[in-house]
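Thanks for coming. I will take a few minutes to walk through one protein chain, so please have the sequence and the model open.

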Amino acid sequence: MTGARNGRGGAGTAKPLVLEDDLLINRGRGRLCYRHPTDRSLVIKVPAGSGRADQSANRKEWRGYRELLRRHGRLSCISHCHGFVATNLGTGLICDCIRD
């Protein structure tokens with residue numbers, strides 16, 4: 001796994017990012033999506049539970065994203081993934097926040 005963007009609370013940071021309830025954007029079947037606490041252009045997706053599928057969803061998305069880049073180069077029509085970060089809720093995947 002790779003670290004997050006520099007200055008964004010990457011995996012090597014001593015203290016995990018704290019994701020508070022007021023940052024919660026939405027919850028899916030296997031993951032919770034939070035607004036990044038210091039960068040409104042990003043979201044952090046964390047597992048919703050301790051089940052195997054919940055824990056592997058971020059790794060699966062990361063692998064799929066990397067495969068898209070390998071095949072097509074950098075695309076402007078998708079939310080880009082920036083790596084993994086330690087949070088108080090477990091390891092999260094940092095992605096672009098897409099808004100209307």
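How many aromatic pairs does a search of the whole structure find? The search finds two. Before I go through them, note that this is a predicted model.

Take the pair of Trp 62 and Tyr 65. Their ring centres are 6.0 Å apart and the planes make an angle of 35 degrees, and the pair is tilted. Both residues sit in helix H1, residues 52-72, three residues apart, which is about one turn of the helix. Trp 62 has a relative accessibility of 14%, so it counts as buried. Tyr 65 has 5% and also counts as buried.

The other pair is Trp 62 with Phe 84. Here the ring centres are 5.7 Å apart and the planes are at 65 degrees, so this pair is edge-to-face. Trp 62 is in H1 while Phe 84 is in strand S4, residues 81-87, so the pair ties together parts that are 22 residues apart in sequence. Phe 84 is buried too, because its relative accessibility is 4%, and the cut-off for buried is under 20%. Through these ring pairs, Trp 62, Tyr 65 and Phe 84 are linked into a cluster.

Now the chain as a whole. It has one helix and five strands. Starting at the N terminus, the order is β-β-β-α-β-β. There are 100 residues in the chain, and 36% of them are buried. Taking contacts between residues at least 6 apart in sequence, 49% join residues at least 24 apart. The accessible surface is about 6,400 Å², and carbon and sulfur atoms account for 47% of that.

Back to the helix. What distance should the 21 residues of H1 span, at 1.5 Å a residue? The expected span is 30 Å, and the end C-alpha atoms are 30 Å apart, which agrees. H1 does bend, by about 30 degrees, at Asn 58. Asn 58 is itself buried, as are Asp 54, Ala 57, Trp 62 and Tyr 65 in the helix. What do the buried residues of H1 pack against? They pack against S2, S3, S4 and S5. After the helix comes Gly 73, with a positive phi near 80 degrees.

One of those strands deserves its own look. Why is strand S3, residues 42-47, described as largely enclosed by the rest of the structure? Six of its six residues are buried, so that description follows. In a regular strand, side chains alternate between the two faces of the sheet. For S3, both faces are covered. Leu 42, Ile 44 and Val 46 are buried on one side, and Val 43, Lys 45 and Pro 47 are buried on the other.

S3 also has strand partners. Strand S2, residues 31-35, runs antiparallel to S3 and is joined to it by five bridges. Within that pairing, Arg 35 has Val 43 as its bridge partner. A hairpin of six residues connects S2 to S3. S3 is also joined to strand S5, residues 90-96, by four bridges, again antiparallel. There, Leu 42 has Asp 96 as its bridge partner.

To close, two places to look at on the screen. One is the ring cluster of Trp 62, Tyr 65 and Phe 84. The other is S3, with bridges to S2 and to S5.

Key: Residues are numbered from 1 along each chain as its sequence is written. This is a predicted model: local features need pLDDT of at least 70, side-chain atom pairs count only at pLDDT 80 or more; totals for chains, interfaces and linings use all residues. Side-chain values use heavy atoms; hydrogens and water are left out. Helices (H or I, at least four residues) and strands (E, at least two) are DSSP runs, numbered from the N terminus. Buried means under 20% relative accessible area, exposed over 50%, partly exposed in between (1.4 Å probe, protein chains only). Contact means heavy atoms within 4.5 Å. Accessible areas come from the Shrake-Rupley method with a 1.4 Å probe; for residues, only the protein chains shown count as cover. Two strands pair if DSSP finds at least two bridges between them. Rings of Phe, Tyr and Trp (its six-membered ring) pair if their centres lie within 6.5 Å; planes under 30 degrees apart count as stacked, over 60 as edge-to-face and the rest as tilted. The expected span of a helix is 1.5 Å times one less than its number of residues. The bend at a residue is the angle between axes fitted to the seven residues ending there and the seven starting there.
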